[in-house]
Amino acid sequence: MAQPFAASVSLITLGVSDVARSTAFYERLGWRRSAGASTDEVSFFALESLVLALWSRAELAADAGLADTPPGFGGFALAQNKPSEEAVDAALAAAVAGGGRLLKPAARTSWGGYSGYFADLDSHPWEIAHNPFFPLDATGRVTLPA
C-alpha cells in the first residue's frame, strides 16, 4: 500500500510578479515551456523529475489562503547540482546573461564543495553547486550516500 504522504515532490510553483516576463527568463536559460499545459496565467516547465510552474504571486498567495507579503527571503532556495566547478561557473554565467542577478559568486565552500547563487526575476534564490560528496548518476540526478 502506498504511503499517504510519500517522500517526493511533483511540482514546485513559484509566485511571480509577471508570468510572461518570468517565462521568458526561464526560456532564455534553455528550458522549454509546455505549450499544451500552459496558459497566459500559468507556465509549466517539465524538468527531469518534477514540474516547475510560474503563476501570479498574488493568485498563489490567495489560493493558499495567505497574505501576499513583499518579496524577500522566503526561507528556501532552489538548487541545481553540477558535475564540476566549471559547470557551476557556466550555469551562473548563463543565468546572469539571461537576466538573473548574481547573489553570490561561486567559491569553494566550508563543506568541501563549490557553489554560488543567483536570483531569478522575482528574487527566488537559486544555488548552483558542485558537491563531490553527492555524485551525479548517468542521468544527472543526485546520488545520496547510503
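This briefing describes the fold, the surface and charges, the aromatic contacts and one backbone feature of a single chain. The model is predicted. The chain contains 3 helices and 7 strands, and a search of the whole structure turns up 8 aromatic pairs. One aromatic cluster brings together Phe 25, Tyr 26, Trp 31, Phe 45, Phe 118 and Trp 126.

**Fold and dimensions**

- Read from the N terminus, the elements of the chain follow the order β-α-β-β-α-β-α-β-β-β.
- For 146 residues, a compact globule would be expected to have a radius of gyration near 15 Å, and the 16 Å of the chain agrees with that expectation.
- Taken along the principal axes, the box filled by the C-alpha atoms of the chain is roughly 45 × 40 × 30 Å.
- Where contacts join residues at least 6 apart in sequence, 48% of them are between residues at least 24 apart.

**Burial, surface and charge**

- Buried residues make up 28% of the 146 residues of the chain.
- The exposed area of the chain is about 9,000 Å², of which carbon and sulfur atoms supply 58%.
- The chain carries 10 positive and 15 negative side chains, and the centres of these two sets are 5 Å apart.

**Aromatic contacts**

- Among the 8 aromatic pairs found in the whole structure, the one formed by Phe 25 and Phe 118 is tilted, with 6.4 Å from centre to centre and 55° between the planes.
- Because Phe 25 belongs to helix 1 (residues 19–28) and Phe 118 to strand 6 (residues 114–119), this pair ties together parts that are 93 residues apart in sequence.
- Phe 25 and Phe 118 are both buried.
- Phe 118 also pairs with Trp 126: their ring centres are 6.2 Å apart and their planes lie at 5°, so this pair counts as stacked, the cut-off for stacking being planes under 30 degrees apart.
- Both partners of this stacked pair, Phe 118 and Trp 126, are buried.

**A backbone feature at Ser 123**

- Ser 123 is located in the loop between strand 6 and strand 7, the latter covering residues 125–130.
- Phi of Ser 123 is near 70°, which is a positive value in a residue other than glycine.
- Most residues other than glycine have a negative phi.
- With a relative accessible area of 32%, Ser 123 is partly exposed, because that class lies between the limits of 20% for buried and 50% for exposed.

Definitions and conventions:
Residues are numbered from 1 along each chain as its sequence is written. This is a predicted model: local features need pLDDT of at least 70, side-chain atom pairs count only at pLDDT 80 or more; totals for chains, interfaces and linings use all residues. Side-chain values use heavy atoms; hydrogens and water are left out. Helices (H or I, at least four residues) and strands (E, at least two) are DSSP runs, numbered from the N terminus. The radius of gyration is taken over C-alpha atoms; the globule rule is 2.2 Å times the number of residues to the power 0.38. Buried means under 20% relative accessible area, exposed over 50%, partly exposed in between (1.4 Å probe, protein chains only). Contact means heavy atoms within 4.5 Å. Accessible areas come from the Shrake-Rupley method with a 1.4 Å probe; for residues, only the protein chains shown count as cover. Lys and Arg count as positive and Asp and Glu as negative; His and the chain ends are not counted. The place of a charge is taken as NZ of Lys, CZ of Arg, CG of Asp or CD of Glu. Rings of Phe, Tyr and Trp (its six-membered ring) pair if their centres lie within 6.5 Å; planes under 30 degrees apart count as stacked, over 60 as edge-to-face and the rest as tilted.
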